[in-house]
Amino acid sequence: MGILRRFIIKAALVTMSGIWLTTAGLLDHAQAQDKVTIFAAASMKNALDAANAEWAKQSGNEATVSYAASSALAKQIEAGAPADLFISADLAWMDYLAKKNLIRSDTRTNLLGNRLVLVAPADKASPVEIKPGFDLAKRLGDEKLAMGAVDSVPAGKYGKAALEKLGVWSSVEAKVAGAESVRAALLLVSRGEAPYGVVYQTDAAADPSVKIVGMFPENTHEPIIYPFAILAESKSPAAADYLKFIRSEKAAPFFENQGFTILK
């Protein structure tokens with residue numbers, strides 16, 4: 001084989017290799033962009049995991065979720081944590097990000113509602129009539145009331161407001177075990193470390209070790225609303241399609257099965 005021919009073949013192989021590497025790099029980049037990263041309130045876990053499995057099956061795209069208290073997630077987003085969507089368990093933390101121009105306001109939607117309940121370990125549960133002045137402090141005795149942190153976690157804020165409205169907050173305030181999220185509060189009851197806990201109806205549905213013993217009247221606290229929004233810094237082209245799916249009738253049963261109400 002002549003020197004010139006060998007040179008031409010070698011040059012062609014190098015060029016083809018470069019094209020393949022460039023194409024592979026572009027594909028890897030595109031695939032990375034198709035991933036959707038969600039920061040979601042801890043109470044969303046069971047329902048959202050199920051919805052995301054269906055989303056992945058239908059779209060071929062991956063949805064990954066970080067679950068925590070809405071307050072913690074909002075602060076992480078403010079600090080620059082990379083994410084595409086935020087799902088808050090209350091309006092206040094979504095408003096917090098909106099005021100800092102960290103969400104795309106035109107994508108914001110109030111999608112879900114929830115109920116506040118009193119739970120107890122399933123093997124020790126007996127009905128509690130939740131009404132003004134009810135005997136929660138007496139029932140607790142020297143033990144703790146599990147709740148989300150009342151100054152930051154939405155479920156804790158709703159719970160404190162409800163107990164204040166019912167006139168029993170002052171009698172139980174010193175007994176409150178403030179947890180980092182509503183799921184952490186649920187776990188205290190599930191493990192038998194607290195005889196009662198204030199959580200969402202959907203959290204109780206997710207743990208067979210606890211049982212709902214009472215429902216807080218809805219007029220004792222602000223409506224429990226879950227707003228969804230795409231974040232201003234989102235780089236995922238799949239984020240809009242993901243939000244469209246989550247708002248669709250196909251996704252609704254995943255939320256309803258866990259006790260959420262669809263707000264439309």
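**Entry 1: the largest cavity**

I began with the lining of the largest cavity, which has 10 nonpolar, 3 polar and no charged residues. I then looked up who lines it. The count is 13 residues, and Ala 41, Ala 89, Val 153, Pro 154 and Val 182 lie nearest the centre of this cavity. Its volume is about 60 Å³. I note here that the model is predicted.

**Entry 2: the second largest cavity**

How many cavities of 30 Å³ or more are there? I found 2. The second largest holds about 30 Å³ of space. I listed its lining: Leu 111, Ile 246, Arg 247, Ser 248, Ala 251, Ala 252, Phe 255, Ile 262 and Lys 264. I sorted these residues by class and got 6 nonpolar, 1 polar and 2 charged.

**Entry 3: the largest pocket**

Next I turned to pockets. The largest pocket has about 160 Å³ of space. Gly 113, Asn 114 and Arg 115 are among the residues that line this pocket. So are Glu 218, His 221, Glu 222, Pro 223, Ile 224 and Ile 225. Thr 261 and Leu 263 also belong to the lining. By class I noted 4 nonpolar, 4 polar and 3 charged residues.

**Entry 4: two helices**

I looked up helix α3, residues 70-78, and helix α4, residues 91-99. Their axes come within 9 Å. At what angle do they cross? The crossing is roughly 10°. Angles under 35 degrees count as roughly parallel, so α3 and α4 are roughly parallel to each other.

Which residues make the contact? From α3 I wrote down Ser 70, Ser 71, Ala 74, Lys 75, Ile 77 and Glu 78. From α4 I wrote down Trp 93, Tyr 96 and Leu 97. The contact has 5 nonpolar, 2 polar and 2 charged residues.

**Entry 5: confidence**

Last, I checked pLDDT. The chain averages 90, and 88% of the residues score at least 70. Where does the score drop below 50? It does so over residues 3-33. Beyond near neighbours in sequence, that stretch has 6 contacts in the model. Where pLDDT is low, the predicted coordinates should not be read in detail. I therefore leave the details of such a stretch alone.

Note on methods: Residues numbered from 1 in each chain as written. Predicted model: local features only at pLDDT ≥ 70, side-chain atom pairs only at ≥ 80, totals over all residues. Heavy atoms only, no water. pLDDT = per-residue confidence, 0-100. Contact = heavy atoms within 4.5 Å. Axes fitted to C-alpha atoms, helices over the stretch in contact; angles between N-to-C directions. Helix = DSSP H or I, 4+ residues; strand = E, 2+ residues; numbered from the N terminus. Parallel < 35°, antiparallel > 145°, perpendicular 65-115°, else oblique. Nonpolar A, V, L, I, M, F, W, Y, C, P; charged D, E, K, R; others polar. 1 Å grid on protein atoms, 1.4 Å probe; cavity = no way out; pocket = protein on both sides within 12 Å on 5 of 7 lines; lining within 4 Å. Points joined across faces, edges and corners; volume = space filled by probe spheres on them.
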